Each structure stands twice: as structure tokens, then as C-alpha cells.
Amino acid sequence: MKVDILEREGRNFFYAYSRRQGRRLRRSREDRFEKDLPLFLLPRFGEGDEGGVLSREKIWGGGVLGCRTVLEIGFGSGEQMVKRLQADEKLMILGCEFYRNGIASCVLCMEDGGEGLRDRLRIFPEDVRRLLPYVGEGVFDEISILFPDPWPKKRHHKRRLVNGLFVKELGRVLSLRGEVRLASDHEGVMEWMESVWESEGWCRRDNGGHLGCDFPEDWVETRYQRKGAREGRKSYFACYGRDGV
Ligand SMILES: C[S@@+](CC[C@H](N)C(=O)[O-])C[C@H]1O[C@@H](n2cnc3c(N)ncnc32)[C@H](O)[C@@H]1O
């Protein structure tokens with residue numbers, strides 16, 4: 001089994017502190033969710049499976065040629081993924097999320113008007129760190145981490161998803177000219193993410209600069225971003241690519 005990332009980090013690498021389940025879903029929603037979720041799951045991969053490493057074709061199937069491939073980490077209820085797929089038919093998204101109620105909202109939202117989008121959305125309903133070791137090199141053109149859990153207290157900083165090791169692993173699965181998109185409504189978290197990417201030698205691609213808010217043209221507001229704005233918080237954005245590319 002490929003557990004590099006786990007072994008290097010130590011025993012608690014996969015321990016996630018964020019909640020995985022909120023209120024119980026109503027019976028009818030639960031039934032629809034259980035029925036529809038398999039439509040979005042990845043094919044079998046990993047140890048003992050002859051398919052082995054996940055390639056673009058293995059994730060999305062044959063229609064991926066000429067498309068922009070996106071990994072969205074912690075998609076929440078996934079409205080932004082659905083809107084992006086509706087706006088751009090050349091987009092393919094693999095979303096990772098372990099909050100069951102969020103995954104259910106996304107899957108059920110695809111029922112209403114998501115028919116034509118199904119082949120372009122895949123969901124990994126688990127911790128993204130369990131997926132990464134099985135993904136081939138350069139599979140994604142974009143990796144988005146939007147409004148990650150902030151863990152603002154200093155003693156909780158070690159719970160933050162982003163660290164040097166994680167950034168190295170993302171670099172492996174990002175295509176040569178690919179970009180990483182980061183957003184947060186927490187100044188400290190944004191500075192933390194900027195400093196990790198910069199100390200790993202990545203180059204800033206957007207024009208916003210330190211704590212900038214130069215959101216890209218195809219940006220779709222997320223649920224957390226709206227919540228932050230309602231509560232008077234500003235949102236920051238950063239985009240990184242490889243040095244010299
Ligand atoms: C603050 S929410 C933001 C949700 C969404 N991106 C938005 O902006 O509305 C952060 C999300 O990341 C998810 N998350 C945290 N760690 C994760 C991990 N290791 N793998 C996948 N999802 C994760 C949480 O379950 C949570 O739903």
C-alpha cells in the first residue's frame with residue numbers, strides 16, 4: 001500500500017478534527033442520497049486493484065481530452081462546483097469532502113438541473129489525504145482549497161490541513177502549468193497558506209499580492225464566503241504556480 005505521506009508525517013496524519021456528520025437527514029433525502037451517490041464515486045483504485053493509479057481517464061472517463069481538470073478540497077455543500085460546471089462545459093471536477101450533510105446537499109443539488117453535468121463531477125467522500133497517494137502525477141490543472149477550517153487558536157494550528165508536506169504532495173498531482181487557488185476570510189489562515197506555498201518555492205500568479213483579493217474571472221462565491229460577508233468579514237484570494245513556468 002502506498003502510505004508515504006502517512007509514514008513521513010507520523011501516526012496522526014489522517015486524524016481529522018472537523019465534524020463528519022451534522023443533523024440526521026430526513027428519510028426521503030437519505031434514500032435519494034444513498035441511491036445517487038454511487039453515480040459520482042471513483043472507480044475502484046489502489047492496492048490489489050488492477051486499475052492502480054488514478055489517471056484523468058480513470059477518474060472522469062474518455063471525454064477528458066482538452067478539458068481543465070480540477071481538484072476541490074473541502075467543497076462544503078458544493079454549490080460552487082455545480083455552478084462552475086454549468087458555466088464551463090470544458091471543466092471536470094473531482095471534489096473531496098467528508099462532511100456527510102455537505103456531500104448530500106451537493107449530490108441532491110445535482111438532481112435538479114445537474115443531468116448533463118454528471119459525467120464531469122466525481123466525489124471522493126473522504127479525507128483528501130487518503131486519496132492523494134493514489135493519484136498519478138500531473139492529473140489536475142487546478143487545485144482549489146476554499147475557506148479551509150481556520151483553527152484560529154494557536155494550540156490548534158497543527159490541525160490545519162495545509163503544511164509543507166501536503167503542499168509537496170499537491171505539487172506532485174498538479175500539471176506542469178497548473179495552479180493552486182486559495183481563499184479564506186481569516187487573515188491569519190491566509191497568511192499561513194501564503195507563507196507555506198512561498199517557503200516551498202511557488203510563485204504568486206494573481207495580481208493581488210500579500211492578503212490580496214483579486215478573484216479570478218470565473219470565480220463563483222462559496223457558501224462560507226457569503227456567510228463571512230454577512231458577518232462583516234473580508235475574503236482573501238491567492239493563486240500559486242510553479243516557479244518559472
Ligand atoms: C469551512 S468549510 C468550507 C466549505 C466550502 N469550501 C465553502 O467555502 O463553502 C471547510 C470544509 O473542508 C472540509 N474538510 C476539512 N478537512 C478536510 C479533508 N482533510 N479532506 C476533505 N475535506 C476536508 C470540512 O469538512 C468542511 O466542510
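**Exercise 1. In this predicted model, is F147 buried or exposed?**

Start by counting neighbours: F147 has 20 other C-beta atoms within 10 Å. The cut-off for buried is 20 or more, so F147 counts as buried. Next, find its place in the chain: F147 sits in the loop that links strand 4 (140-146) to helix 7 (164-173). Now check the backbone. F147 isn't a glycine, yet its phi is positive, at about 55°. That's worth a second look, because most residues other than glycine have a negative phi.

**Exercise 2. Find W151 and work out which exposure class it falls into.**

Begin with the location: W151 is in the loop between strand 4 and helix 7. Then do the count. W151 has 19 C-beta neighbours inside 10 Å. Buried needs 20 or more, and exposed needs 12 or fewer, so W151 comes out as partly exposed. Finish with the backbone: W151 has a positive phi of about 40°, and it's no glycine either.

**Exercise 3. Which residues come nearest to the ligand, and how is the shell around the ligand made up?**

Take the nearest ones to begin with: out of 23 residues around the ligand, those are G74, G76, F147, T222 and Y224. Two elements give two or more residues to this shell, namely helix 6 (128-131) and helix 9 (223-230). Helix 9 has the largest share, with three residues. Last, sort the shell by chemistry: twelve residues are nonpolar, six are polar and five are charged.

**Exercise 4. In what order do the strands of the open sheet run, and which are its edge strands?**

Read across the sheet: its seven strands go 3-2-1-4-5-7-6, with mixed pairing. Now look for strands that pair on one side only: those are strand 3 (121-124) and strand 6 (203-204), so they form the edges. Then zoom in on strand 4. Strand 4 pairs with strand 5 (residues 174-184) in the parallel sense, over six bridges. To pin down one bridge, take I143: its partner in strand 5 is V180.

**Exercise 5. Where is S199, and is it buried or exposed?**

Locate it to start: S199 belongs to helix 8 (residues 187-199). Count next: S199 has 10 other C-beta atoms within 10 Å. Exposed means 12 or fewer, so S199 is exposed. For a last step, compare sequence with space: S199 and G164 are 35 residues apart along the chain, while their C-alpha atoms are 8.2 Å apart.

How values were computed: Residues are numbered from 1 along each chain as its sequence is written. This is a predicted model: local features need pLDDT of at least 70, side-chain atom pairs count only at pLDDT 80 or more; totals for chains, interfaces and linings use all residues. A residue is near a molecule or strand if its C-beta atom, placed from the backbone, lies within 6 Å of it. Helices (H or I, at least four residues) and strands (E, at least two) are DSSP runs, numbered from the N terminus. Ala, Val, Leu, Ile, Met, Phe, Trp, Tyr, Cys and Pro count as nonpolar, Asp, Glu, Lys and Arg as charged, and the others, Gly among them, as polar. Two strands pair if DSSP finds at least two bridges between them.
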